[in-house]
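Hi everyone, thanks for making room for me today. I'd like to walk you through one model, so please have the viewer open and follow along.

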Amino acid sequence: MREISSGLRFPEGPVALGDGSVLVVEIERGTLSRVAADGSVSVVADCGGGPNGAAIGPDGAVYVCNNGGFDWHRGGGRLAPGNQPDGYLGGRVQRVTFDGEVTDVCTSAGGHPLRGPNDLVFDADGGFYFTDHGKRRERDSDRGGLYYATVDGSRIEEIAYPLHDPNGVGLSPDGERVYVAETMTGRVWYWEIEAPGRLRRAPGPGPAGATLLHGFGGYQLLDSLAVDSEGNVCVATLITGAISVLSPDGALEDVVRTPETDYYVTNICFGGPDLRTAYITSSGLGKLYAAQWDRPGLPLNFGAEHGAAGARDSMSTS
């Protein structure tokens, strides 16, 4: 594993582009940024609030979950997010072009305002699943959920609620299963998909009809996730500071650690010509790493090839 860049302000949401650069959000900075292959960093757009998960959409724009912002704390050389800030922007999903234009796609669902959108993934139909993690305050916190929306804003539905701090979200290779990682419970859940944004509820006490894929023992919290080409769920495991690899039947197959211990290893994505390069964010230390992975990642429905043209155009006019 090699360090690509440092000095980032709580990077998350990595998106590998075809030109070898990697998009990240810098949550504390409030930006969508691009890390070049040489480690240099440039700002694509100022999103405000707290840009969190990111993904390339069917139109080649970048869609960003914005959690509205955090209070921030620094200690032991690490940056850490806290409660809802005084200047809380409100939750939203944003469309960001490579020339820096930012527009809101959705700010509410079913008459309820979004609180802390966290992560998203596009399906083959061009819609996207996203999690709302909620916000924490000194004496109370929100309950979160899983949502489905379209890029034109004509559809946004709450499809699984309530969930406990839902964070990472991903789809199985066949697109027939959606996974969600709950941060504070240390559990990865899944639902079978009957149609875009329509879930099959499993019998039993799982939240919102979910089935448990894996529950982590001890004090381990979860962040974002990515799925590889064999259907393994690669989930960022906080406190442990690693990427945990879960098989499709829920077995813990591997634990991959970063070179420096960081409680906030938060995200993974796959890139490179063979999708065997894993890009991993060590957010507390402000670093982006790259590692050769044992197996290829899962090609995203709208990935590097869709974002490449916008990235090239942006570079040619900057």
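Strand E4 and strand E5, residues 41-46, pair in the antiparallel sense, with 5 bridges between them. If you want to find the register on your screen, look for Val 35, which stands opposite Val 41 in E5. Further along, Ser 33 has Val 43 of E5 as its bridge partner. The two strands make a hairpin with 5 residues between them, and in that turn Gly 39 has a positive phi of about 90°. Before I go on, please keep in mind that this is a predicted model.

Now the other neighbour of E4. Strand E3, residues 22-26, pairs with E4 in the antiparallel sense, again over 5 bridges. Here Val 24 stands opposite Ser 33 of E4. So Ser 33 is a handy residue to click on: its partner in E5 is Val 43, while Val 24 faces Ser 33 from E3. E3 and E4 form a hairpin too, with 4 residues between the strands, and the residue with positive phi there is Gly 30, near 80°.

Let's put those pieces together. The order in this open sheet of 4 strands is E2-E3-E4-E5, and the pairing is antiparallel. Strand E2, residues 11-16, and E5 stand at the edges; each has a single partner strand, so one side of each is left without a neighbour in the sheet. From one strand to the next, the twist averages 25°.

How many of the 5 residues of strand E4 are buried? The count is 5 of the 5, so E4, residues 31-35, is largely enclosed by the rest of the structure. Both faces of the strand are covered. On one side you have Thr 31, Ser 33 and Val 35, and on the other Leu 32 and Arg 34, all of them buried. For those of you who like to look at side chains, note that this list includes an arginine, Arg 34.

Let me move to another sheet. This one is open as well, with 4 strands in the order E1-E29-E28-E27 and antiparallel pairing. Its edge strands are E1, residues 2-5, and E27, residues 265-271, each of which pairs on one side only. The twist from one strand to the next averages 30°. E1 pairs with strand E29, residues 287-292, in the antiparallel sense over 3 bridges, and there Glu 3 has Tyr 289 of E29 as its bridge partner.

Two residues in this sheet are worth a stop. The first stop is Thr 281, in strand E28, residues 277-282. Is Thr 281 buried or exposed? Its relative accessibility is 0%, and since buried means under 20%, Thr 281 counts as buried. Its side chain makes a polar contact with the side chain of Thr 266, at 2.7 Å. Leaving aside residues up to four places away in sequence, Thr 281 touches Pro 11, Glu 12, Pro 14, Tyr 264, Val 265, Thr 266, Asn 267, Lys 287 and Leu 288.

The other stop is Phe 270, which sits in strand E27. At 12% relative accessibility, Phe 270 counts as buried too. Which residues does Phe 270 touch, not counting those up to four places away in sequence? Among them are Ala 16, Val 227, Cys 234, Leu 275, Trp 293 and Leu 298. Take Val 227 as one example: Phe 270 and Val 227 are 43 residues apart in sequence, and their C-alpha atoms lie 9.1 Å apart in space.

Finally, let's zoom out to the whole protein. The secondary structure comes to 1 helix and 29 strands. The radius of gyration is 18 Å, close to the 20 Å that the globule rule gives for 318 residues, so the protein is as compact as a globular protein of that length. Along the principal axes, the C-alpha atoms fill a box of roughly 55 × 40 × 40 Å.

Buried residues make up 57% of the 318. For contacts between residues at least 6 apart in sequence, 48% join residues at least 24 apart. As for the surface, the protein exposes about 12700 Å², with carbon and sulfur atoms supplying 46% of it.

That's my tour. Thanks for listening, and I'm happy to go back to any view you'd like.

Notes: Residues numbered from 1 in each chain as written. Predicted model: local features only at pLDDT ≥ 70, side-chain atom pairs only at ≥ 80, totals over all residues. Heavy atoms only, no water. Pairing = 2+ DSSP bridges. Axes fitted to C-alpha atoms, helices over the stretch in contact; angles between N-to-C directions. Buried < 20%, exposed > 50% of the residue type's maximum accessible area, 1.4 Å probe, protein only. Polar contact = N/O pair within 3.5 Å; in protein donor to acceptor, adjacent residues only side chain to side chain. Contact = heavy atoms within 4.5 Å. Rg over C-alpha atoms; globule rule 2.2 N^0.38 Å. Areas by Shrake-Rupley, 256 points an atom, 1.4 Å probe, with all protein chains shown as cover.
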